[in-house]
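Biologist: Before we discuss packing, could you put the model on the screen and take me through what can be read from it?

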Amino acid sequence: MKGNELVWRALADRALDGQRTWRNVADLAYEAGVPSTTAYLALERLESNGTVDRYSRGGLAVVSIDKLLTMLCAWRNLERDTLTWTTREGIGPVLDSKLGPYALGGPDAANAILNGRAVADFSEHIVYLPASVNLTDLPAGKEVRVLSMDKRAARTWNGYSSLAQTYADLFATPGWQASEFRNALRDSFVRAREWDQEGDGR
């Protein structure tokens, strides 16, 4: 993922957890695992459309989670970031080898986040692996999309991709099943009205 996507993901994950404010951009950059200059550039895009407010003393707040998720989804490109495709049987030994952290994404992550609530059947799986894992021996297949796990995710994800990452990956995944999982996440975690709407009397 590109640096601005990592910043937006950090903002979205924190906001979806109910914490919209940040003391400064340096804290955000650390959370995203990017240089401060990258965080400043990523915030410029969000300021221009009213997604975040920047404070004169250096802090900031997410005004619209909906706009933030829209930006993250619009930039998500699974094809660009795919390392390889394989089978479920082929990826099993890699996950069992404990060569490094891994995370299940897409519908598997959504299913876990939704506490196992059945939303739709699915056949395409997503697995995040560290870039150091050797993938050359994986058999060819179309069941499992393997993506590279960034360093921050490798330290903080606990077996599944984060809520914001899962949402964006489902948006970028074709098929009605992915849309059903994404809509279920949205219904569960995104409020119908946000800060930038609540004061609007129209």
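The exchange below goes through confidence, cores, helix packing and a few individual residues.

Biologist: What kind of model is this, and what is the mean pLDDT of the chain?

Modeller: This is a predicted model, in which local features need pLDDT of at least 70 and side-chain atom pairs count only at pLDDT 80 or more, while totals for chains, interfaces and linings use all residues. Residues are numbered from 1 along each chain as its sequence is written, and side-chain values use heavy atoms, with hydrogens and water left out. The pLDDT is the predictor's confidence in each residue, from 0 to 100. Of the residues in the chain, 94% reach 70 or more, and the mean is 90.

Biologist: In which helix is confidence lowest?

Modeller: Helices (H or I, at least four residues) and strands (E, at least two) are DSSP runs numbered from the N terminus. Over residues 198–202 the pLDDT is below 50, and beyond near neighbours in sequence this stretch has three contacts in the model, a contact being heavy atoms within 4.5 Å. Confidence is highest in H9, at a mean of 97, and lowest, at a mean of 51, in residues 195–198, which form helix H11.

Biologist: Which element gives the most to the largest nonpolar core?

Modeller: A nonpolar core is a set of buried Ala, Val, Leu, Ile, Met, Phe, Trp, Tyr and Cys residues joined through side-chain atoms within 4.5 Å, where buried means under 20% relative accessible area, exposed over 50% and partly exposed in between (1.4 Å probe, protein chains only). The largest such core has 40 residues, and those with the most contacts inside it are Val7, Trp8, Leu11, Leu43 and Leu46. Elements giving two or more residues to this core include helix H2 (25–32), helix H3 (36–48), strand E3 (60–62) and helix H4 (65–75). The most, eight residues, comes from H1.

Biologist: How many residues are in the second, separate core?

Modeller: This core is separate from the one just described, and Val94, Leu95, Val133 and Leu138 are among its members. The number of residues in this second core is eleven.

Biologist: Are H1 and H2 roughly parallel or roughly perpendicular?

Modeller: Axes are lines fitted to C-alpha atoms, for helices over the stretch in contact, and angles run from 0 to 180 degrees between N-to-C directions. Angles under 35 degrees count as roughly parallel, over 145 as roughly antiparallel, 65 to 115 as roughly perpendicular and the rest as oblique. The axes of H1 and H2 come within 8 Å and cross at roughly 100°. That crossing angle therefore makes H1, relative to H2, roughly perpendicular.

Biologist: How many residues of the contact of H1 with H3 are nonpolar?

Modeller: The axes of H1 and H3 come within 9 Å and cross at roughly 70°. On the H1 side the contact is made by Gly3, Asn4, Val7, Trp8 and Leu11, and on the H3 side by Thr38, Ala39, Ala42, Leu43, Arg45 and Leu46. Ala, Val, Leu, Ile, Met, Phe, Trp, Tyr, Cys and Pro count as nonpolar, Asp, Glu, Lys and Arg as charged, and the others, Gly among them, as polar. In this contact one residue is charged, three are polar and the nonpolar ones number seven.

Biologist: Is Arg45 buried or partly exposed, and what is its relative accessible area?

Modeller: Arg45 is found in helix H3, and, not counting residues up to four places away in sequence, Arg45 touches Asn4, Trp8, Met71 and Trp75. The C-alpha atoms of Arg45 and Asn4 are separated by 9.2 Å, although these residues are 41 apart along the chain. Arg45 is partly exposed, with a relative accessible area of 41%.

Biologist: What is the C-alpha to C-alpha distance of Arg152 and Glu31?

Modeller: Arg152 is found in helix H8 (residues 151–156) and is buried, with a relative accessible area of 11%. Beyond residues up to four places away in sequence, Arg152 touches Arg9, Tyr30, Glu31, Ala32 and Gly33. Arg152 and Glu31 are 121 residues apart in sequence, and their C-alpha to C-alpha distance in space is 7.5 Å.

Biologist: Where does Thr173 lie?

Modeller: Thr173 is buried, with a relative accessible area of 11%. Leaving aside neighbours within four places in sequence, Thr173 is in contact with Leu78, Glu124, Ile126 and Ala178. Thr173 lies in the loop between H9 and H10.
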